[in-house]
Amino acid sequence: MSGLNDKKIGVAAARNSEAIAKLIQNNGGTSFIYSVQGEQVLDEEVSRKNVLDFIRDPFDQVLLTTGIGLETLEKAANDLDCLSDFIGNLRNSKLAIRGSKTANWLKRHSLSPKFVSEDGTMESLLAQLALDDDNNRLFLQAYSQDEAVLKKQLEHQGYAVYLSKPYEYMEPDLTIMTALRKQIITRSLDAVVFTSKTQIQNLFKGSSEAEELTAAFHDHVLPVGVGKVTTAELRKNGVTTAFHPGKPKMGAMIVELANFFSH
């Protein structure tokens, strides 16, 4: 018998939600998709400006936070017919990265980072950058509501920061958000899978039911984070019972979740 047999699992993700749901079903569970990530909106005009600024006035340090952001900038560079210049400037810069998708993008272009967040968190990356006090002009590719805080932290460390924000997420559908909150508060789900901290921020942000959500996560509904970043965001919202896999991968997450429920 599978560890997810008779378990009802909510999926808060947008990207890969169907794949996660299939993994849950393959392990005997029943999945319910409540995507609260919000629609991804690419800003082509901003992306083109970021690329041109990067090429015209090269930066000493480049901090890259998401694979999607890099792909968006790559497309803009292609459209402007200056991809080789864009890649060349990256190659001549000190690269600091977080996330496996960011690392994979660099590998495809034969680029090597100087600084890598080993645990996927910005905190560990900022700690490394704090020790590198040379060449302080920094190009920051970010996207979330945290970019202002991150920019301020880097400036506090002595960097002159250029913020590149090639995309952002719109507010999630309120009907879906309300439905997920209800399913959690009424303990109708056995677990909820989160694949980004944005999903958790949206779940709690402005909610008059935040305490009820936290109580449900502590009582019956198991909060599942794909990695340390999502787990840390749950803790920021008072949730101390989060489960996350040893490796921040979707497949590992569902397999380990099934093992967890089977014991």
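In the predicted model, R187 and D219 form a salt bridge, with the closest N and O atoms 3.2 Å apart. This pair links distant parts of the chain. R187 sits in the loop between α8 (174–185) and β10 (191–194). D219 belongs to helix α10 (residues 210–219). The two residues are 32 apart in sequence. Their accessibilities fall into separate classes. R187 has a relative accessible area of 28% and is partly exposed. D219 reaches 55% and, because the cut-off for exposed is over 50%, counts as exposed.

The structure holds 10 salt bridges. Another of these joins the side chains of D57 and R137, at 3.3 Å from N to O. D57 lies in the loop between α2 (44–56) and β4, whereas R137 is in strand β7, so the contact ties together parts that are 80 residues apart in sequence. Both partners are classed as partly exposed. The relative accessibility of D57 is 42%. That of R137 is 28%.

The strand that carries R137 is part of an open sheet. Five strands form this sheet, in the order β6-β5-β4-β7-β8. The pairing is parallel. The edges are β6 (115–116) and β8 (160–164), each of which pairs on one side only. Strands of a sheet pair through backbone hydrogen bonds. Within the order, β4 is flanked by β5 and β7. Strand β4 covers residues 61–64 and strand β7 residues 137–141. Four bridges connect these two strands in the parallel sense. In one of the pairings, V62 has F139 of β7 as its bridge partner.

Helix α7 packs against this part of the sheet. The helix spans residues 147–156 and lies across β4, β7 and β8. Relative to β8, helix α7 runs at about 160 degrees. A further salt bridge falls within the helix. K151 pairs with E155, and the closest N and O atoms are 2.6 Å apart. Both residues lie in α7, four residues apart, which is about one turn of the helix. K151 is partly exposed, at 23% relative accessibility. E155 is also partly exposed, at 37%.

The three pairs described here thus differ in what they connect. K151 and E155 sit in one helix, α7. D57 and R137 bring together a loop and a strand. R187 and D219 bring together a loop and a helix.

Terms used:
Residues are numbered from 1 along each chain as its sequence is written. This is a predicted model: local features need pLDDT of at least 70, side-chain atom pairs count only at pLDDT 80 or more; totals for chains, interfaces and linings use all residues. Side-chain values use heavy atoms; hydrogens and water are left out. Two strands pair if DSSP finds at least two bridges between them. Contact means heavy atoms within 4.5 Å. Axes are lines fitted to C-alpha atoms, for helices over the stretch in contact, and angles run from 0 to 180 degrees between N-to-C directions. A salt bridge is a side-chain nitrogen of Lys or Arg within 4 Å of a carboxyl oxygen of Asp or Glu. Buried means under 20% relative accessible area, exposed over 50%, partly exposed in between (1.4 Å probe, protein chains only).
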